[in-house]
Each structure stands twice: as C-alpha cells, then as structure tokens.
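Okay, thanks for squeezing me in. I'd like to walk you through a couple of things in a model, so let me get it up on the screen.

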Amino acid sequence: MNTKLIFLALSIFILLMPLSPLAQPDKPVMNLEQLIEEAVQNNPEILAVKKRWEVFKEKVPQARTLPDPMFGFGIISLPTNFSFRDEDMTMKEISISQMFPFYGKRKLMGEMAENEAEAVSNEIQEKTNRIIKEVKATYYDLSHNYRTTEVVQRNKRILEDFAKIAETRYAVGEGIQQDVMKAHVEVSKMVDELIMLEQKKGALGAKLNALLNRSRETPVGTPEEVVFRKLPIQIEEFQRTAVETNPTLKSMKKMIEAKEKAYDLAKREYYPDLTARFAYGQRDNGPDMKRRDMLTGEVMINIPIFYKSKQERKAAEAKADSQGFEARYRAMKNEIHFMITDMASMIQRVERQLELYKTGIIPQANLQISSAMSAYRVNKADFMTLLDSQMTLYKYELEYHLALTEYEKNVANLEAVVGKRFFQ
C-alpha cells in the first residue's frame, strides 16, 4: 500500500509540474528594456563612437574656412655695408597675404566633411543596434540558463524519488539492483549538469555587466521568464525598410555622397587658386633727401601646367574611389537582403518547432510517463521503460527552452539587420 501511495504522489507531481518554475531566491528581477537603456547610456563602445562623431563634426567648419593668412617681415635691397640710408630702395617691409581657393572649392570641402560626419553619426546607431543585440542575446541565454536549471532540479528530484522506489522494490525482492544503480547514475549526471549551469550563469552575468559597463562583482539579478511573442514575417517589407533604416547602408550612402563631392573637388583642381598680398615698406631718410615709405600690392595665381600627371590623375583617383563605394554599397544591400531572408526563414522554422513542442511533443511525453507509471505499478513494464520516459520528457523540456531562446535571439538579430525594433 505504501508503494502505491508513492506511485500516486509521484504521478501527480510529474503531471502537474512539467514546466513550472522553481522558487527563486530573493533577487531583483531584471527588466530587459531597462537593461537596454542602461547599455545605450553607458556602454563604452557606444561612447567611443559618439566621440568619434564629435571629432568629424568639428572638421566641418574647418573645411569651410579659408587657409590661414601669412604674415611676413623682411629687408629689401640692403647693401653689403648694411647701411639703411645709402640706397633709395632699401627698406624694411612687413606684408600680409591670403590665399583664396577657386570658386566652389570651399563649399565642396564643407559638404564633403558634412557627409563624412553624417556617415559617422550613422555608425553610432549601428554600434547601438549591435550592443542591443548582444544585450538581448546575453539576457535570453541567462534566462535559458535559469529555466534549464529549474528543469534539471525538478527532474533531479523526480529521479531521486525514482531511485527510492527502485530501492524499495529491490529491498522487498520486486526489483533489481541494476535499476537502483541506473537511477543514481542519472541523478549524478544532473548534479554535474547543475554545476556546469552555475558556472555558465556566472560567465553570462559577467558578460552582461561588461556590456552595461558595470563592475564585474555587480549582481545581475534574475531574468524574467521569456514569453513567446509571434513575429509577423514580411520579408519584402523588411527588405524595403532595411534600405532606409539599416545604419550601415545609411552610412555607406553618406560616404558615397562624400566621395562624389571629392570627385567634384578634384575636377575644380584644374582651375587656379588666387593669392593676394599687401606689403608696407619703411625707408630711412638719406643724407640729402627725405624718402617716402612704400606700399606694395600683388595678386598671384598658381598655374596647373602639370595637369596630365597631377590634376587628371587626382580626378581619376576620386572617381574610382566613388565607384568602389557604390559597388560596396550594392554588395552590402544584397548581403542584407539575403540575411533578412535567411533569418526570417529560421524564425519561421523555430516558431513551428515551438508550437509542435507545446501542443504535441511535450503533452505526448507526459502521457507516455503516465502510461509507463501505470504499467510499472502492475509489473507490466520494467523500471528502465519508466526511466527512459522521464528522461525523454526531460530532453524535450530542455529542447523547448533552447528553441525559445534561439527564437528570441534570431528576432534580435533580425532587428539589428533591419535597423528597427519589433517589440518594445
């Protein structure tokens, strides 16, 4: 009678707790959106890219500004006796000159610097999307670790009860010692699994702290249980959106515009720049006459006579650079379109897999255990059949949680590629 009561209690325990979580110690519960917000504010990689953008932003006014004027001081027509009074043309001169680039050059240089700065500003969003993806992946891996730990602990307790039943039956001569040993071996395997899960939990917590720029010792808390959220898959819509929102493509577009400005600027190099110079010369009075000071003004232009080997080659270089960026942009767009198609297919596959686990595989495995339990109670099934049924359910529960984690990570990857958050 005692054995039947044990069987009944164990059956109820198994059927009512296939996926229920164990009570967790009092730890703060992590909120994914708060973690993402903290990472965006504090992650050093994002901060580094923001500083890089500030560097390029400061280059814009520099590119539009005239070159620095030149101030000069000199002595003109000084005789070898170093007398400033013997010769009429001897004078002490100060001058100032300013170079003026040909019309349109400064505007093009400013526009080129603006486009480069905007390209770097898109790198901020690209880096932010990548960090968000890594935070989500780490969070989901950590949640999977907790859920797996719960499943292992629950199944460990069930197997310990199985071991007690096998020991009881062996003691009264209704079982064999091999059943007892097999149950204890499976319990030991789960103890080893729990040790590895605890080590993995520490590593994931350290990774999450690094992404959030926290100290390594900061406790990360307990992740919320992941709830399946179905993502409507619209591959063509995702691809169209990515062309407009993917930060890598946006950055490359701005770099193409910058290279086009560089090509236009290179063509302007065929035209000369102008340099204006003004000078004031002071002359000392001579023995017999009073000398007036003198003013000098001149305009100079450079003559691009080596245009075949210089300006023409520079224009060809800028054109090739621009065409190269355009080709890389097309290649990246094709790669992103492929990635979206591939990720969407994986998401749909895992979605169907999750549905199959929830509605078919796990319920059927529970029924199999109930059937094996009933058959074992009346000696119509051996202990190994009962044990195998429980281990099969254990495997399916772990596979379900792993599939759910992979689903969420694939959605996070797709968000990073499209450049748009689907769930907030």
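What follows is a quick look at one sheet and then at two residues with an unusual backbone angle.

Keep in mind that this is a predicted model. Let's start with the sheet. It's an open one with 4 strands, the order is E2-E3-E5-E6, and the pairing is antiparallel. Out at the edges you've got E2 and strand E6, residues 294-301, and each of them has a single partner strand, so one side of each has no neighbour in the sheet. Ignoring direction, neighbouring strands here are turned against each other by 20° on average.

Now look at E2 and E3. Those two run antiparallel, and 7 bridges join them. If you want a spot to find on screen, go to Gly 74, which sits opposite Glu 93 in E3.

Stay with those strands, because the loop between strand E2 (70-76) and strand E3 (91-100) is where we find Phe 82. So what's the phi of Phe 82, positive or negative? It's positive, about 60°, and this is not a glycine. Most residues other than glycine have a negative phi. As for the surroundings, Phe 82 is exposed, with a relative accessible area of 63%.

The other one is Asn 213. This residue sits in the loop between helix H5 (177-211) and strand E4 (222-223). Asn 213 is also not a glycine, and its phi is positive, near 60°. Is Asn 213 buried or partly exposed? At 47% relative accessibility, Asn 213 counts as partly exposed.

That's my bit, over to you.

Methods:
Residues numbered from 1 in each chain as written. Predicted model: local features only at pLDDT ≥ 70, side-chain atom pairs only at ≥ 80, totals over all residues. Heavy atoms only, no water. Buried < 20%, exposed > 50% of the residue type's maximum accessible area, 1.4 Å probe, protein only. Pairing = 2+ DSSP bridges. Axes fitted to C-alpha atoms, helices over the stretch in contact; angles between N-to-C directions.
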